[in-house]
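Biologist: Got a minute to walk me through this one? I'd like to hear how its parts fit together.

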Amino acid sequence: MASAEVIKNYIDGKWRDSSSGRRIEVDDPSNGETIAVVAEAGPEEVELAVAAANRVFRDRVLIDMHPYDRGRMLFRVADVLESRSDEIATVNCIETGKALNFARDEVRTAVRYLRYYGGLADKLEGRSIPRGANLIDYTVRSPFGVSAQIVPWNGPLELTARSLACAIATGNSVVVKSPELAPLCGIEIARACETAGLPHGTVNVLTGYGQTAGQALIEHPDVRHIVFTGSLATGRRVLRAASERIVPCIMELGGKSAAVVYSDADLDAVVEAVPIGTFSNAGQNCNGLTRLLVDRTIADELLQKLKVRVEGLSIGPGRENCDLTPMISQKQRQGIEQACQTAISQGARLVTGGTTLSERSGYFMAATVFADVARDSSLFQKEVFGPVLAVTTFDDPAMAVELANDTDQGLAAGVFTQNLDQALWTADRLWAGQIYVNGWYVGGVETPFGGVKQSGYGREKGQEALDGYVQTRNVGIRISQPSSV
Ligand code: NAD
């Protein structure tokens, strides 16, 4: 993949270099080598991209199009991505460091989002409201205009596809600010939009830093809608900018998701959920399984099984499909190492891991499990976004639920039990946007996803997502009865 070619921004249907001439080097996290160089978008590129998207909106290019045809545009983008699946999965694997099989899944998921929302484009309807003989009244579900979409690096292909698909299906035009650590997937989507023949300016993709291009984008007066997926700290900045111009936002933030494990749980199922839920993508998943709340009577047995399973994970680069792949950057890894030291200083017991794997050239961090994690400790309360599992025990179901809900986040939560009543009782009380029973990531493209509390608001995925991309307008008509009646 090494190439001297500078990858440009996709603006108004053209590939444009940055006016500043600045560059961003993209690393392979498994060895730190530069794999690509992209043109760094700045305020000038933001200006051009928003102007193009705003022109598409003002000229009603998407609004006046039959919704079926908007859907067909998304189908075409999906077809292009699918036809290049292997190549795009490799790009995703190498720039994010994740396992190739997960990167392949991500391409399939991105394709599914495009087809799912493409299929819904002509099914979003308003309603007619009865108001007596002299009035006709109906609602129109209208787009906002330019939708600015800020994407994180952990799932750059599918997260770009899902927001973009909703926006186009509903007639918004889009400016994507791709993540500086993994901008190549956004470029692949731009290429697919170009090949699929989307009208120029409908989708614009910028490769720039958050503090410059991202900030200029969220502050731009012609941006009328923001989708932000990322950390709480940046989310707050986005909301401050949005509040100045009263711009509606969809906020997809972090999590500290817990699974409750009752004494009757199938412990092998719990142990098998951890490599995927906690350690896939080096634990860099917003809805990852980060806390395990375990009935005290089975905690020792479960911890022993977990230790064996976790220490048996294969470690290596994503392209070798290893279980534990590198973290995205040295900085991210340092943060995790620091979080492990803090956990120990706050009394947690290290079961396995806890250190960087510095004998390897990339940004590898050991798969880490802590037991006896206190509820007021940082590891219990704060997202670390790395391969670290915190285990805490409980004595009864009420305590389990209380512990699960005792953080500021609420993205996902889960319960393991063979008792259906217990599962339903618990699922009803776990305060999170998505609940998993007897597994992890038991959701899909068609199931609504998003946070409660500080994990955000608005929903992505599922039919509910479309509600966040339209605003209801109402039309009232006074009519007269014919004079002969
Ligand atoms: P981040 O907040 O650092 O960056 C996210 C994006 O925001 C990047 O594109 C970045 O360039 C941009 N950004 C940074 N500063 C900005 C600013 N001032 N103005 C505008 N944009 C700015 O997050 P990250 O480290 O890339 O991603 C990890 C976080 O994302 C974790 O907290 C994770 O839980 C969360 N996440 C949430 C979901 C979800 O669906 N809820 C999905 C994936 C990741």
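What follows is a short chat about the domains, their interface, a sheet and some salt bridges.

Modeller: Ground rules up front: this is a predicted model, where local features need pLDDT of at least 70, side-chain atom pairs count only at pLDDT 80 or more, and totals for chains, interfaces and linings use all residues. Residues are numbered from 1 along each chain as its sequence is written, and side-chain values use heavy atoms, with hydrogens and water left out.

Biologist: How far apart are the centres of domain 1 and domain 2?

Modeller: The bounds come from an automatic or database domain assignment. Domain 1 covers 6-253 + 455-473, and domain 2 covers 258-437. Taken over C-alpha atoms, their centres are separated by 31 Å.

Biologist: How much area do domain 1 and domain 2 bury between them?

Modeller: Counting contact as heavy atoms within 4.5 Å, 23 residues of domain 1 touch 26 residues of domain 2. Buried area here is the accessible area (1.4 Å probe) that two parts lose on being put together, summed over both. Carbon and sulfur atoms hold 55% of it, and the total is about 1900 Å².

Biologist: And which residues of domain 1 lose the most area to domain 2?

Modeller: Three of them together make up 28% of what that side buries. They are S30, W153 and S455.

Biologist: Which residue forms a salt bridge with D28?

Modeller: The rule wants a side-chain nitrogen of Lys or Arg within 4 Å of a carboxyl oxygen of Asp or Glu. For D28, the closest N and O atoms are 3.3 Å apart, and the partner is R319.

Biologist: Which helix gives the largest share of the side of domain 1 that touches domain 2?

Modeller: Helices (H or I, at least four residues) and strands (E, at least two) are DSSP runs, numbered from the N terminus. Both α3 (85-96) and α4 (100-120) supply at least two residues of that side. With 4 residues, the largest share comes from α3.

Biologist: Which strands stand at the edges of the open sheet?

Modeller: Strands pair if DSSP finds at least two bridges between them. The order is β1-β5-β4, with mixed pairing; β4 and β5 (residues 34-39) run antiparallel, joined by 5 bridges. Each edge strand has a single partner, so one side of each is left without a neighbour in the sheet: β1 (6-7) and β4 (23-27).

Biologist: Last one: how many residues apart are R22 and E40?

Modeller: Their salt bridge has its closest N and O atoms 3.6 Å apart. R22 sits in the loop between β3 (14-16) and β4, while E40 is in the loop between β5 and α1 (43-58), and the separation is 18 residues.
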